[in-house]
Each structure stands twice: as C-alpha cells, then as structure tokens.
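Please look over the sequence and the structure below before reading on. The points that follow are meant to be read with both in view.

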Amino acid sequence: MKGTLTEQPLAELIREISSKGLSGTLRLEHERAQTAVYFDSGQLIYAASNLRTLRLREYVSNRGVIAEKDRASLENNLPDLALAASLSASGTLRQKDVDGLLATLVADVLRVALLWTEGSWEFNDRARLDDPVRIQVDTANLLQAAAQRLPLKFVSSRFQNQGETISRASEVPRTSNLLPAESFMLSRLDEPTTMEDLVASSGLGEQAAYRVIYGLALSGLVKREYWRNAFRTEPAKTKEQTSPCVAPETPAGEAGQTGSRWASVSDEEEELEKFLLRLNQATNYYEIMELPPTAGANEIKDAYYALARRYHPDRFHLQFGTQLHSKLSSAFARITQAYERLTDPNARSAYDKAIERSRRLSESAPKTTKVEPSVDSAGDPKSKTGDSETDSSRAEHNFREGLEALKEDRIEAASSYLAAASRLAPKEARYRAYYGRALAASEKTRRLAENEIQAAVKLDPASANFRTMLAELYFDLKFHRRAQTEVERALALDPNNASAQALLRKLEKSRKVG
C-alpha cells in the first residue's frame with residue numbers, strides 16, 4: 001500500500017495500523033528526509049531516520065554520555081541498532097542507558113515525521129525488523145501532541161462532514177496531560193454528538209475546536225464516525241469487540257423511568273444547590289477541589305476532570321440566563337482558578353505559603369466572636385459574610401484572570417472568569433464589555449455577546465472602546481450598517497482610536513468588494 005501524506009498523515013496511519021493490528025514497515029519520504037516506522041501486531045516498536053541530527057551517534061556525542069576518547073572511536077556509518085549493540089557489548093554504556101537513549105531517539109524521530117503534511121508513504125507488511133529490540137513508545141501522547149502542532153488549516157481539512165458523530169471512548173484511560181480545553185470537550189460527550197453541535201458548544205473557535213477533537217480522536221479518547229482509511233484490512237475481532245457498538249436496549253422495567261425524566265429535574269436542582277453550598281463554604285482551593293493539601297498533580301487533574309464532567313455550566317445551557325446558571329458560572333470560575341493555581345508548581349508554592357501565613361495569624365490572634373476571613377487565593381481573602389467589598393475584590397480578580405486568558409486565546413477559561421466578574425459586579429462596564437468579547441469568539445454565542453457589550457455601552461456611553469467592540473461584533477455578524485453607525489460614534493468620541501480606524505477601513509473595503 002502507498003499514498004501521500006497529504007491524504008493520510010503519519011498520525012492517522014499509526015492510528016489505523018494500531019487499531020487493525022497490522023505488522024510491517026511504514027516508510028515515509030518528505031523532501032530529502034526519510035523515516036521508517038516498524039510495527040508488530042499493531043504495536044509501534046521502533047523508528048529510524050536518515051537525518052543526521054536524528055541518529056544515535058549524534059545523541060551519544062552531543063549528550064556527553066560517554067568519554068571523549070570513546071566518542072572518537074564511534075563508527076560514522078554504523079546503523080543505530082548496530083551501534084546500540086556495540087555500546088552495550090563493549091561495556092561503554094549500560095544496557096539500561098542504551099535503551100533510554102533509543103527510546104528518546106525514537107520519540108524525536110516520530111515528533112518530526114508527525115508534522116509532515118506533504119510527501120509520500122509506503123507500507124510493506126512483509127518487511128519486518130530483524131533486531132529483537134522493542135522500544136516502548138507512548139504513541140497516544142505523541143499523537144495528541146502532534147495534533148496541537150499541525151497547521152490549523154490542515155487539521156480542519158480532516159473534518160469534511162459536519163453531521164459526523166463524535167462519541168467518548170467506552171473506557172477513557174486515566175491521563176495526566178489533558179489540557180483544560182480537552183477536559184471540557186470530553187465533559188460534553190455524555191452521549192454521541194454531531195461534530196457541528198460539539199464545536200458550537202465547545203466555547204472555542206471552529207478551528208481550535210477541530211484541533212482539540214482531532215487530538216482526542218488520534219489518541220483514542222474519543223471515537224469518530226468517519227476516518228479516511230488507507231488500508232482495506234479489517235481489524236481482528238477481540239473478545240470485547242465481536243459486533244458493532246450499538247445502544248443497549250432499555251430493560252422493560254426501566255421504560256417508565258425513561259418516560260418520566262421530568263421527575264428528576266427537581267432532584268438535579270437540589271444536587272446543584274448542594275454543590276454550590278459546598279463551594280460557597282470552601283475556604284481555600286483545596287477545599288474547592290475536595291482534595292488534601294498533599295494531593296499530587298494527577299489527583300488534582302483527575303478531580304478537575306470529574307468536576308468538569310458534572311458541573312460545567314455548558315451542561316446546563318437550557319437554564320442560561322437564570323440565577324442558577326449564573327451561580328454555576330461563578331462557581332466553575334473558582335474551580336478553574338483553583339485548578340490553574342494548583343497545577344502550576346510556582347503558583348502553588350506561593351499559595352501554600354499564603355495559607356500557612358493565614359493559619360499562623362489566626363492562631364496568634366486573640367479569640368473573639370468575630371468571623372475572620374479565610375484565604376481563597378493568594379492575596380485575595382474570601383469573607384464568609386459575603387460583604388460588598390469582598391465581592392468587588394473577587395470580581396476584579398476574576399476580571400484580571402479572564403482578561404489574561406482572553407489574551408492567550410483561552411476562550412473557555414476567559415468566559416468563565418468574566419462571567420463570574422459580571423455577576424459579582426453587573427454595573428461595571430469593563431466586565432460586561434470583555435465578557436461580551438469572550439462570547440463573541442464563538443458563532444453560537446455572538447448574539448449573547450451583543451447583550452453584554454450593549455450593556456457596557458449603556459453603563460459607559462462615553463467609551464469609544466466599548467462602542468468599537470460593539471461595531472466589531474456587528475461586522476462579524478455581517479450587520480454592516482449597524483457596524484458603520486457604531487464605529488462613527490466611536491470616532492466621534494475618540495478620533496485617534498486605532499481599532500475604530502482599522503474597522504472603518506475594513507467596512508470601506510467590504511463596500512468596494514460588494
């Protein structure tokens with residue numbers, strides 16, 4: 001079998017070969033670079049490249065793992081596996097160290113080839129690796145990481161059917177390297193969802209959402225309905241996979257329960273209120289995540305993933321605009337804050353010190369009947385009485401975090417933070433305007449964005465920046481007359497506003513094209 005990397009990139013070839021349990025050698029060529037990837041019963045066992053920088057001799061020489069006199073004796077053209085055997089047999093390196101170098105080398109070879117979107121490939125099921133070496137390769141993480149680095153346009157081209165069904169894998173393995181956006185995406189897949197609906201509800205831009213879904217699908221965390229398969233060979237059926245996956249029939253005794261789902265609404269709301277009460281009573285980030293201060297990074301990420309699956313505001317989109325949904329948005333903003341702070345080693349260290357200082361002050365202070373504030377985040381006390389000064393402080397903190405996330409194009413986190421800031425201080429024009437800007441990043445929420453930015457304009461009608469934001473939103477919605485009106489008002493307030501001037505030029509250009 002042979003083909004082009006434009007049609008079937010290496011990541012998809014590895015996924016297909018692994019899923020079908022094939023054995024053989026996959027050879028790739030990109031310009032003058034060549035790579036060979038070896039498989040045994042679907043398992044990737046070795047990879048080699050003709051690039052000089054990806055040869056074992058270079059790794060041994062550049063990493064200083066052997067003495068200089070030994071480096072001089074290394075043969076230039078010796079194949080990597082032969083060189084590895086020689087280093088081990090001569091006692092120059094321990095077998096353990098040789099295996100470690102080979103594993104690093106193979107991973108680097110794959111990282112380079114996984115980014116090729118042009119070139120050719122050929123698979124030969126008769127060509128096998130003679131050497132008994134079997135390198136342990138974490139292909140799932142490599143494929144997932146490759147999806148984050150491939151060009152957005154190329155990733156988008158892998159999805160041609162908006163009606164394609166995406167579903168969560170039957171067993172999602174524990175993983176410690178999920179990005180927040182990936183966790184959120186998985187949390188929305190309680191049931192199979194069309195690509196169009198999944199992208200719309202993700203809170204990400206279309207191409208960014210495609211990238212996340214592509215990485216999850218390559219690593220096996222989600223299942224796609226359609227792949228561009230290169231091989232006609234069907235996967236060998238296992239004991240667990242004897243027939244296509246179909247929805248189980250509903251037992252007769254449960255039919256009545258399914259037909260009366262409305263009865264569970266009050267139970268769900270009661271559960272949400274308990275969750276919100278627990279979160280309101282939490283005095284620090286560890287209590288928010290329901291974890292001990294000794295929790296490891298994996299435990300924190302697992303807890304965050306579980307909370308995202310159950311309580312992310314997007315799961316309750318039918319209640320959008322209600323007081324309960326606003327409370328959930330604010331609550332999940334605190335969870336996101338806790339997650340980001342506790343998974344950053346430096347930030348967590350500073351936070352732990354702040355908690356310790358607060359504890360010492362509390363112990364040394366004379367006991368009174370006054371309720372002392374507890375530390376919710378480093379430098380931001382959280383009063384259990386919920387006074388307006390504390391709400392204002394929390395709102396400003398959420399706004400700063402949201403603005404930073406917006407600058408980094410982390411739209412999901414930005415929306416959560418800015419929604420919380422707007423709820424805590426609904427008359428602060430800045431919070432409403434930038435929350436609207438975060439909502440405007442997704443086509444599905446752009447009309448909601450209009451409400452927020454309009455509210456900001458009403459609160460501060462003299463702001464040229466807010467009127468420019470509204471004009472930009474109207475331009476994206478293709479309401480060019482409204483955009484023209486707002487941009488003219490913005491320039492009347494501030495004739496030198498660069499953003500307004502740039503938008504005016506875009507409007508003039510669109511009129512000429514039309």
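This briefing covers two sheets, a helix that lies across one of them, and a single leucine. The model is predicted. One sheet has five strands and another has three. Leu-81, the residue treated last, sits in helix α4.

**The five-stranded sheet**

- This sheet is open, and its strands follow the order β1-β5-β2-β3-β4.
- The strands pair in the antiparallel sense.
- β1 (residues 2-4) and β4 (residues 43-49) are the edge strands; each has a single partner, so one side of each has no neighbour in the sheet.
- On average, neighbouring strands here are turned by 20 degrees against each other, with direction ignored.
- β1 runs antiparallel to β5 (residues 120-124), and three bridges join the two.
- Within this pair, Thr-4 faces Ser-120 of β5.

**The helix across that sheet**

- Helix α1 spans residues 10-19 and lies across β2 (residues 24-30), β3 (residues 33-40), β4 and β5.
- Relative to β2, helix α1 runs at about 175 degrees.

**The three-stranded sheet**

- This sheet is also open, with the order β7-β6-β8 and antiparallel pairing.
- Its edges are β7 (residues 193-194) and β8 (residues 222-224), each of which pairs on one side only.
- β6 (residues 165-168) is joined to β8 by three bridges, in the antiparallel sense.
- Between β6 and β7, the antiparallel pairing runs over two bridges.
- Ile-166 stands opposite Thr-193 in β7, and Ile-166 also stands opposite Arg-224 in β8.
- Arg-168 has Val-222 of β8 opposite to it.
- As a general point, side chains in a regular strand alternate between the two faces of the sheet.

**Leu-81**

- Leu-81 belongs to helix α4, which covers residues 80-89.
- Is Leu-81 buried or exposed? Leu-81 counts as buried because its relative accessible area is 15%, and buried means under 20%.
- Which residues does Leu-81 touch, leaving aside those up to four places away in sequence? They are Tyr-46, Leu-102, Leu-129, Asp-131 and Val-133.
- One of these contacts, Tyr-46, has a number that falls within β4 (residues 43-49).
- Leu-81 and Ala-48 are 33 residues apart in sequence, and their C-alpha atoms are 9.4 Å apart in space.

How values were computed
Residues are numbered from 1 along each chain as its sequence is written. This is a predicted model: local features need pLDDT of at least 70, side-chain atom pairs count only at pLDDT 80 or more; totals for chains, interfaces and linings use all residues. Side-chain values use heavy atoms; hydrogens and water are left out. Helices (H or I, at least four residues) and strands (E, at least two) are DSSP runs, numbered from the N terminus. Buried means under 20% relative accessible area, exposed over 50%, partly exposed in between (1.4 Å probe, protein chains only). Contact means heavy atoms within 4.5 Å. Two strands pair if DSSP finds at least two bridges between them. Axes are lines fitted to C-alpha atoms, for helices over the stretch in contact, and angles run from 0 to 180 degrees between N-to-C directions.
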